[in-house]
2 protein chains.
Amino acid sequence: MDNNLYKRKAEIFKALSNPVRLEIIDLLTTGEKCVCEIVEQLNYEQPHISKSLNKLKEVGLIQDRKEGLNVYYSLKICCMGDFFNCLNKIINQEK
Amino acid sequence: MDNNLYKRKAEIFKALSNPVRLEIIDLLTTGEKCVCEIVEQLNYEQPHISKSLNKLKEVGLIQDRKEGLNVYYSLKICCMGDFFNCLNKIINQEK
DNA sequence: GTTATATATTCCAATTATGGCATATAAAGA
DNA sequence: TCTTTATATGCCATAATTGGAATATATAAC
């Protein structure tokens, strides 16, 4: 396989390699959310959430949509759920 | 979800967030390989490969088995393929 | 024991990520 | 225009990651 493809995939995994960003992804699986809702649900500073959202957007995992003052984010890929379930299995085996 | 679960998942993604380690995973999808075979196929120093293998093993993605001087590594999870295919779709959409 | 071979570990400098705080922007209302 | 509100960006110190080079360990053969 092309070396750049590995780099590109590694970037996607890097975007997912942070607990806060994973929590955001999890929140978005229940549908589109504005930044304010995400800030409210998670216990982190708004700038931190904004930067996290930007990182996820950069690698193409989420997309945004403006509406007045609000910015709504939503998942851009659908196969995340299956992989997360798979990881849960691995993690549960450890106990 | 428990905060530690997010941390644990983030660690797994971090292990996958490197092109060399992804190449190793790819190699192992065709079956068990000894370190020497992996070093031969990929163009990296042996210590680098060893460290990469160790990181993948630490998070539970691969396992090892000794036989004489050789150490054989193999995948420990089976759902990787599906997720990789999913990522390929995302990456291909960009073109 | 000594040597050769396969693999792992250590050390290190350079780069990159993290998360907090302050500040900037942009849209809407008065 | 001035203010408020939602979101984004910049700066910074600390921490983590990267990959190379040298070295250590472990097993097997002699």
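**Entry 1: the disulfides**

I began with chain B, where a disulfide joins B:Cys34 to B:Cys36 with 2.4 Å from S to S. The term disulfide is used here for a pair of cysteine sulfur atoms within 2.5 Å. A disulfide is, in general, a covalent bond between the sulfur atoms of two cysteines. I noted for my records that this is a predicted model, in which local features need pLDDT of at least 70 and side-chain atom pairs count only at pLDDT 80 or more, while totals for chains, interfaces and linings use all residues. Residues are numbered from 1 along each chain as its sequence is written, chains are lettered from A and ligands numbered from 1 in the order in which they are written, and side-chain values use heavy atoms, with hydrogens and water left out.

I then looked up the angle about the S-S bond of B:Cys34 and B:Cys36; the value is -65°, and the link is left-handed. Is B:Cys34 buried or exposed? I found B:Cys34 to be buried, at a relative accessible area of 4%. B:Cys36 is partly exposed, at 43%. Buried means under 20% relative accessible area, exposed means over 50%, and partly exposed lies in between, with a 1.4 Å probe and protein chains only.

In chain A, I found a disulfide between A:Cys34 and A:Cys36, with an S to S distance of 2.4 Å. This link is left-handed, with -65° about the S-S bond. A:Cys34 is buried at 4%, and A:Cys36 is partly exposed at 41%. The count over all chains is two disulfides.

**Entry 2: the two copies**

How is chain A laid on chain B? I recorded a turn of 180° and a shift of 0.0 Å along the axis, with an RMSD of 0.0 Å. The two copies are therefore related as by a two-fold rotation axis. The same surface serves both copies, since 100% of the contact residues of chain A recur in chain B. The superposition is by least squares on the C-alpha atoms of residues with pLDDT of at least 70 in both copies. Contact means heavy atoms within 4.5 Å.

**Entry 3: DNA strand D**

Which residues come nearest to DNA strand D? Of the 21 residues around DNA strand D, I listed A:Cys36, A:Gln46, A:Ser50, A:Tyr73 and B:Lys51 as nearest. A residue is near a strand if one of its heavy atoms lies within 4 Å of it. Of the atoms of DNA strand D within 4 Å of the protein, 54% belong to sugar or phosphate, and the rest to bases.

I next examined polar contacts, which are pairs of N or O atoms within 3.5 Å; within protein, one must be able to donate a hydrogen and the other to accept it, and residues adjacent in sequence count only if both atoms are side-chain atoms. An N or O atom in the side chain of A:Asn70 is 2.8 Å from a sugar or linking oxygen of DNA strand D. For A:Leu69, a backbone N or O atom lies 3.5 Å from a sugar or linking oxygen of this strand. A polar side-chain atom of B:Arg21 lies 3.3 Å from a phosphate oxygen of DNA strand D.

The elements giving two or more residues to this surface are α3 (35–41), α4 (46–58) and β3 (70–75) of chain A, together with α4 (46–58) of chain B. Helices (H or I, at least four residues) and strands (E, at least two) are DSSP runs, numbered from the N terminus.

**Entry 4: DNA strand C**

For DNA strand C, I noted A:Lys51, B:Cys36, B:Gln46, B:Ser50 and B:Tyr73 as the nearest of 21 residues around it. Sugar and phosphate account for 57% of the atoms of DNA strand C within 4 Å of the protein. An N or O atom in the side chain of A:Lys51 is 2.3 Å from a base oxygen of DNA strand C. A sugar or linking oxygen of DNA strand C is 2.9 Å from a side-chain N or O atom of B:Asn70.

**Entry 5: two single residues**

I looked up A:Lys57, which is found in helix α4 of chain A. A:Lys57 is partly exposed, at 34%. Residues up to four places away in sequence aside, A:Lys57 touches A:Ile62, A:Asp64 and A:Tyr73.

In strand β3 of chain B I found B:Ser74. B:Ser74 is buried, at 14%.
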